[in-house]
Amino acid sequence: MSDLEPRPAPHVLGGLGPVAPRPVLDLLPGKTVTLGERMQVRRLLPTLGRRMVGPWAFVDHYGPDDISVGDGMQVIPHPHTGLQTVSWLIEGRVHHKDSLGSDVSFGPGELALMTAGHGISHSEQSPVPHPRLLQGAQLWVALPDASRDTAPAFEHHAVLPGFDVDGVRATVLMGSLAGATSPGTAWSPMVGVDLALDAGADVEVPLEPGFEHAVLASSGSSVVEGAPVEHGSMLYLGTGRRTLRVSASAPSRLLLLGGEPFEEQIVMWWNFVGREGDEVAGFREQWEAGERFGHVEGFEDGERTPAPPMPPVPLKPRGRER
């Protein structure tokens, strides 16, 4: 999914300064952002005071939206560099096409993982016909410097590992948890797990204490370490936790995100992750010139997302907080 804000703010991320060296419970404020003509999402990362959780640098949550009337998701070709996109659906279907020739429709419980690396362009659209409801999350992972120029790739995993325990069904999207390991390619130590809680579930989930973690209430409301987490909100958990207690009075879903704190300082602007402002400006120029990012079949030359103007101030990596 693209950042379609007409004047996207530059974000400077990375470094260990703001990583909580202990367990915390910080509710992260999100904001509503409009994508395309009518689709609205809740942007949880980057947000005021918190820019990353491990290598996770961007979190949009959307739905449940009734798209029985209308086109649903319509994100035409746009570019990415230096990151991975992790697409996760709870309801609905999305049709992904990219400049590698990938042409895949995916639904709930399936992992769509795109490694932008050196550069890729892609589109995301609700297929025709499409289910009535659409709900899910779009996440970006910052690639470490040693891997950020890797060749682009796309992976579709229709079956993912997981486990059931005490009314919780865990599905491992990225990384590993409790012996279950995702087939998705990860370039740094990280974890991403969907937790589906039955009504009355109350369980402790094992965590890697060296990771920092957060949880997104992707469907319904839950209680995490005694703190209520309402639908569409995210709770930052800090580091140093070996377990996480979660419970719910009604069926709900949590998305657990975590990883080793990201030491490198990076610049994220629009759909690009780089290391210097001039480098990001160069990515923009190449996109506008039709270079580097390839072409998505099925779209005319003019059917692509134009890059917004660069901000008037230089982009410099400064750290993980505003």
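**Entry 1: strand 23 and its neighbours**

I began with Val-223, whose bridge partner in strand 23 is Ser-247. The model I am reading is a predicted one. One residue further on, I found Val-224 opposite Val-246 of strand 23. These residues belong to the pairing of strand 20 (residues 222-224) with strand 23, which is antiparallel and has 2 bridges.

I then turned to strand 18. Strand 18 (residues 202-206) and strand 23 (residues 243-247) run antiparallel and are joined by 5 bridges. As one example, I noted that Pro-206 has Thr-243 of strand 23 as its bridge partner.

In what order do the strands of this open sheet lie? I read the order as 18-23-20-21, a sheet of 4 strands with antiparallel pairing. Strand 18 and strand 21 (227-229) are the edge strands, each pairing on one side only. Neighbouring strands here are turned against each other by 30 degrees on average, direction ignored.

**Entry 2: the sheet of 7 strands**

I next looked up an open sheet of 7 strands, which has the order 3-4-5-12-7-10-13 and antiparallel pairing. Its edges are strand 3 (31-35) and strand 13 (153-157), and each of them pairs on one side only. The average turn between neighbouring strands of this sheet is 20 degrees, direction ignored.

At the strand 13 edge, I checked the contact with strand 10 (residues 111-115). Strand 10 and strand 13 pair in the antiparallel sense over 5 bridges. Within that pairing, I recorded Glu-155 of strand 13 as the bridge partner of Leu-113.

**Entry 3: the cavity**

How many cavities of 30 Å³ or more does the structure hold? I found 1. The space in this largest cavity is about 40 Å³. There are 10 lining residues, and those closest to the centre are Tyr-62, Ser-87, Phe-106, Glu-124 and Gln-138.

Two strands of the 7-strand sheet appear again here. Strand 7 (83-91) and strand 12 (133-142) each supply at least two residues of the cavity lining. By class, I recorded 7 nonpolar, 2 polar and 1 charged residue in the lining of the largest cavity.

**Entry 4: a pocket**

I also looked up the second largest pocket, which holds about 150 Å³ of space. It is lined by 10 residues, and Ser-188, Glu-260, Pro-261, Phe-262 and Glu-263 are the closest to its centre. The lining of this pocket divides into 6 nonpolar, 1 polar and 3 charged residues.

**Entry 5: peptide bonds and backbone angles**

Before the next items, I noted the general background. Most residues other than glycine have a negative phi, and most peptide bonds are trans.

Which residues does a cis peptide bond join, with omega about -10 degrees? I found Leu-45 and Pro-46. Pro-46 is in the loop between strand 4 (39-45) and strand 5 (56-66). Another cis peptide bond joins Gly-63 and Pro-64, with omega about 5 degrees. Pro-64 lies within strand 5.

I then examined positive phi values. Trp-270 has a phi near 50 degrees, a positive value in a residue other than glycine. This residue is in the loop between strand 25 (266-269) and strand 26 (272-274). Is Trp-270 buried or exposed? I read a relative accessible area of 3% for Trp-270; buried means under 20%, so Trp-270 is buried.

Arg-292 also has a positive phi, near 75 degrees, and is likewise a residue other than glycine. I placed Arg-292 in the segment after helix 1 (277-288). Its relative accessible area is 27%; buried requires under 20% and exposed over 50%, so Arg-292 is partly exposed.

**Entry 6: the chain as a whole**

Last, I recorded the overall figures. The secondary structure of the protein chain comes to 1 helix and 26 strands. Its radius of gyration is 19 Å, and the globule rule gives 20 Å for 322 residues; these values are close, so the chain is as compact as a globular protein of that length. Along the principal axes, the C-alpha atoms fill a box of roughly 55 × 45 × 30 Å. Of the 322 residues, 57% count as buried.

Notes. Residues are numbered from 1 along each chain as its sequence is written. This is a predicted model: local features need pLDDT of at least 70, side-chain atom pairs count only at pLDDT 80 or more; totals for chains, interfaces and linings use all residues. Side-chain values use heavy atoms; hydrogens and water are left out. Two strands pair if DSSP finds at least two bridges between them. Axes are lines fitted to C-alpha atoms, for helices over the stretch in contact, and angles run from 0 to 180 degrees between N-to-C directions. On a 1 Å grid over the protein atoms alone, a cavity is a set of points where a 1.4 Å probe fits but cannot get out, and a pocket is an open set with protein on both sides within 12 Å along at least five of seven lines; lining residues have an atom within 4 Å of a point. Grid points are joined across faces, edges and corners, and a volume is the space filled by probe spheres set on the points. Ala, Val, Leu, Ile, Met, Phe, Trp, Tyr, Cys and Pro count as nonpolar, Asp, Glu, Lys and Arg as charged, and the others, Gly among them, as polar. The radius of gyration is taken over C-alpha atoms; the globule rule is 2.2 Å times the number of residues to the power 0.38. Buried means under 20% relative accessible area, exposed over 50%, partly exposed in between (1.4 Å probe, protein chains only).
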